[in-house]
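Colleague: Before I use this model, I would like to know what stands behind the words used for it.

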Amino acid sequence: MAHVNEHYLKLPGNYLFATIAKKVDAFSKAHPDASIIRLGIGDVTRPLAPAIIEAMHKAVDEMGQAETFRGYGPEQGYDFLRQAIIKGDYEKRGVTLDPDEVFVGDGAKTDVACIQEIFGNDMRFAVADPVYPVYLDSNVMLGHTGAFDADKGIYNGVVYLPCTPENGFKAQPPAEKVDIIYLCNPSNPTGTAMSRKELETWIAYAKENKVVLIYDSAYETYITEKDVPHSIYEVAGAKEVAIELRSYSKCAGFTGTRCSYVVVPKACMAYRTDGTPVELNPMWNRRQCTFFNGTPYIIQRAAEAYYSEAGQRQCLSDVDYYMNNAHIIRDGLQAAGYTVYGATNSPYAWVQTPNGMKSWDFFDLLLEKAHVVTTPGSGFGPHGEGYLRLTAFGTKENTEEAIRRIAALHLLA
Ligand SMILES: *Cc1c(COP(=O)(O)O)cnc(C)c1O
């Protein structure tokens, strides 16, 4: 008898974005003339930069010629991209890495879900609350948690790190013992970012407790404040305890193009049950060589072009465009009396609901009265209740119009 992986059955049925889509669909069927503005899902809208398109065209032509055709590439990524990553993302920040510490992937979602395969099944892990759902759900599906507690909205056996106004929405090291901790900095969904000092505390904690940090810096390009590091390796000692993940989705519009990378420093260790340290780098290398046959050549050439002078100029100009939207959201809602977090080092604003309203109630109200789609904070974890996430990935015109409509409701006046 074929048995299913019963851990999948622990997942509650309603996927957040599916529920939102259903509500929006029903609303637009009932009000076909309403012009709906979507500030909900975290997908980019600006087209790929010309420098990237040019590189892709060139790579496509190479694939059509016997002399330049490429078949299977190295599972870890082509050397040209690994070198470009080290030069473009690390050396300029004073971080040195070996090319074989960098593993090119086809998306940070894949990478973050798969990285846990190199750790023991009995690992106790911690996530921020609210959190990017992939960290949690992928661990549930591999059996690293207990059952879902529907009353509390949490999984048994997982350590949640509450992010609240009191701690500036920054996860704090837990009091109880854990082995793996996921950190997203700047954070999706709250849009807040930890400073160098706060990250130093995390690194000291991780070293002392032999914890490995899975550090997702997908929004690194959006950092504007000087005291927020762009890489965890800017913090001394981080190579021993941190794996960093990056994506081209938010910095270069690759959500539909798919490229990412993972840095596993050779100094980064986990342990056998008898306490013997084991290097994680060869383990992740082995995992990739067996489970993965590399990111397409054309896509790696596209990612390489992100680091060219024209690519940087064009992509950073799109990031500026989105950050301008983030400021429109933050400043516009603050002027209307709302309490708004984030939107300074990330394309997300984390907005407190008016008068203690529940997340879903405020979501419904904004959909019905302002025709604006948002994301209920409670969908990211119990401590997201009482908040909404608004994204800056729309057009400037739509963002301005959405904020005008929300302000015009005078819910706090
Ligand atoms: C968007 C996002 C990613 C990137 O995912 P891709 O699979 O590379 O598109 C990773 N982590 C977080 C927190 C994100 O919001």
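The talk below covers one serine, two cysteines and the ligand.

Modeller: This is a predicted model, where local features need pLDDT of at least 70, side-chain atom pairs count only at pLDDT 80 or more, and totals for chains, interfaces and linings use all residues. Residues are numbered from 1 along each chain as its sequence is written, and side-chain values use heavy atoms, with hydrogens and water left out.

Colleague: Why is Ser 247 called buried?

Modeller: Buried means under 20% relative accessible area, exposed over 50%, and partly exposed in between, with a 1.4 Å probe and protein chains only. Ser 247 has 8%, so it counts as buried.

Colleague: What makes the approach of Ser 247 to the ligand a polar contact?

Modeller: A polar contact is a pair of N or O atoms within 3.5 Å; within protein, one must be able to donate a hydrogen and the other to accept it, and residues adjacent in sequence count only if both atoms are side-chain atoms. A polar side-chain atom of Ser 247 lies 2.7 Å from a ligand oxygen, so the pair meets the cut-off. For Ser 249 the distance to a ligand oxygen is 2.6 Å.

Colleague: How do you know that Cys 163 has no disulfide partner?

Modeller: A disulfide is a pair of cysteine sulfur atoms within 2.5 Å. The closest cysteine sulfur to that of Cys 163 is in Cys 184, 10 Å away, and therefore too far for a bond.

Colleague: What about Cys 268?

Modeller: Its closest cysteine sulfur, in Cys 114, is 17 Å away, so that is too far as well. The whole structure has zero disulfides.
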